[in-house]
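Biologist: Could you walk me through this model? I'd like to hear how each label is earned.

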Amino acid sequence: MPTTIDISSLVIDSLCDGPCEGDIAVAMFYCDFRDQQQQTATDIVGAILKQLVVRGKVVEQVQTAFQKAKDEGGGRGLRLPDMVRMLTRAIATLPRVFICIDALDECLPKYQLELLGSLKGILEELPSMRIFVTGRPQVETEISRCFATSVIVPISPKRNDIERYLEKKLDMDTELEAMSPALRADILRIIPERISEVCARESIVPVHE
Amino acid sequence: MDRPEYLHSINTGNVSSYNVTNSYNSTTNVSKVIADEYPEIMRWLSPLDPGRRHHDVRTERLDGVGNWLLETNEFREWKSGEGGADKGVLFCYGNPGVGKTYLR
């Protein structure tokens, strides 16, 4: 209700389905604290690259690297710098690339910095690429540590978002006998007010009408 | 349209439709050579599969929620790409589940 993950998914969809369609390539990654150990910077960059391999026309290069790793024994994965170089190459062949990272703070701190550092390097080389990141407010420290400038927008629960969410929940209510029009009206009035109060008091994020 | 079989493995979520096939035609020769190996190569690049998560999230997402962000100048300017590297990063912060926590 708008959680940052909803916002990420919305942004990704709006980029994929937007009116500028064809020349846009979107790659995404959802960080998840439950997978912290697996979600290394290298594997995240790899997961982003995976989504751009075909369009970015680096299929051959990736295949060559894969074959080399296999021949050298073990088929070890690429190291982060090599992965970043490959990703840069893929992005360079595409007109407009958007990389979306959700919940960066759910990554281990060292991987957050490695990931942001990698993206920074790519952006310096390819200034038209776009990076979208969501996370808890404190992630701003990491962002501004890596990027001299960035556009920052707080995600706040807008009143009509809250109402929309409540209406959906009420429509899906299975115990209809307990509901009445008056109760429904109360819920739709009181809860959005209450959330606004809580947010204001704890100054989590501002609530706008 | 000719859709190489392995493209299914690129993404299990619906997002795979971002025109992978359109731009792919130019490299069809390569595709034939590595079609068998492709899933293995993708796993080698990274074992992580972000498409599945996206699919789950978008299924749960409520229509219209958060649309205000897409209308902001900040978002539009960032998306346009006109600001170059200086406007290359859009950071949206919030608390995960903000609001939701208070409805329990």
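Modeller: Let's start where the chains meet: chain A and chain B bury about 7400 Å² between them, and carbon and sulfur atoms give 68% of that. This is a predicted model, where local features need pLDDT of at least 70 and side-chain atom pairs count only at pLDDT 80 or more, while totals for chains, interfaces and linings use all residues. Residues are numbered from 1 along each chain as its sequence is written, chains are lettered from A and ligands numbered from 1 in the order in which they are written, and side-chain values use heavy atoms, with hydrogens and water left out.

Biologist: What makes an area "buried" between chain A and chain B?

Modeller: Buried area is the accessible area (1.4 Å probe) that two parts lose on being put together, summed over both. So the about 7400 Å² is what chain A and chain B lose in that way. On the side of chain A, Lys50(A), Arg130(A) and Val151(A) supply 10% of the area buried against chain B, more than any other three residues.

Biologist: How many residues does the contact take from each chain?

Modeller: It takes 91 residues from chain A and 66 residues from chain B, where contact means heavy atoms within 4.5 Å. For the complex, the predictor gives an ipTM of 0.80 and a pTM of 0.77.

Biologist: Why is the pair of Phe132(A) and Trp78(B) called tilted?

Modeller: Rings of Phe, Tyr and Trp (its six-membered ring) pair if their centres lie within 6.5 Å; planes under 30 degrees apart count as stacked, over 60 as edge-to-face and the rest as tilted. By this rule there are 5 aromatic pairs over all chains. In the pair of Phe132(A) and Trp78(B), the centres are 6.0 Å apart and the planes stand at 50°, so the pair is tilted. This pair crosses between chains: Phe132(A) is in strand β3 (residues 130-135) of chain A, and Trp78(B) is in helix α6 (residues 73-80) of chain B. Helices (H or I, at least four residues) and strands (E, at least two) are DSSP runs, numbered from the N terminus. Ring pairs also link Phe98(A), Phe132(A), Phe75(B) and Trp78(B) into a cluster.

Biologist: Are Phe132(A) and Trp78(B) buried or exposed?

Modeller: Buried means under 20% relative accessible area, exposed over 50%, and partly exposed in between (1.4 Å probe, protein chains only). Phe132(A) has 0%, so it counts as buried, and Trp78(B) is buried too, with 0%.

Biologist: What makes Lys57(A) partly exposed?

Modeller: Its relative accessible area is 39%, so Lys57(A) falls between the two cut-offs. Lys57(A) lies in the loop between α2 (41-52) and α3 (59-71) of chain A. Its phi is positive, about 55°, although Lys57(A) is not a glycine. Most residues other than glycine have a negative phi.

Biologist: And why does Ala103(A) count as buried?

Modeller: Ala103(A) has a relative accessible area of 6%, so it is under the 20% cut-off. Ala103(A) sits in the loop between β2 (96-102) and α5 (109-125) of chain A, and its phi is positive as well, near 55°.

Biologist: Which residues have the most contacts inside the largest nonpolar core?

Modeller: Those are Leu52(A) and Ile101(A), in a core of 57 residues. A nonpolar core is a set of buried Ala, Val, Leu, Ile, Met, Phe, Trp, Tyr and Cys residues joined through side-chain atoms within 4.5 Å. Apart from the largest core lies another, of 25 residues, among them Cys100(A), Val153(A), Leu70(B) and Leu90(B).

Biologist: How confident is the predictor in chain B, and where is confidence lowest?

Modeller: pLDDT is the predictor's confidence in each residue, from 0 to 100. The mean for chain B is 69, and 59% of its residues reach 70 or more. Confidence in chain B is lowest in helix α1 (residues 20-24), at a mean of 40, and highest in strand β1 (residues 89-93), at 94. Over residues 1-29 of chain B the pLDDT is below 50, and it stays under 50 over residues 98-104 of chain B.

Biologist: What is the mean pLDDT of chain A?

Modeller: The mean is 86, and 90% of the residues of chain A reach 70 or more. Among the elements of chain A, helix α8 (residues 181-201) has the lowest mean, 77, and helix α4 (residues 80-92) the highest, 97.
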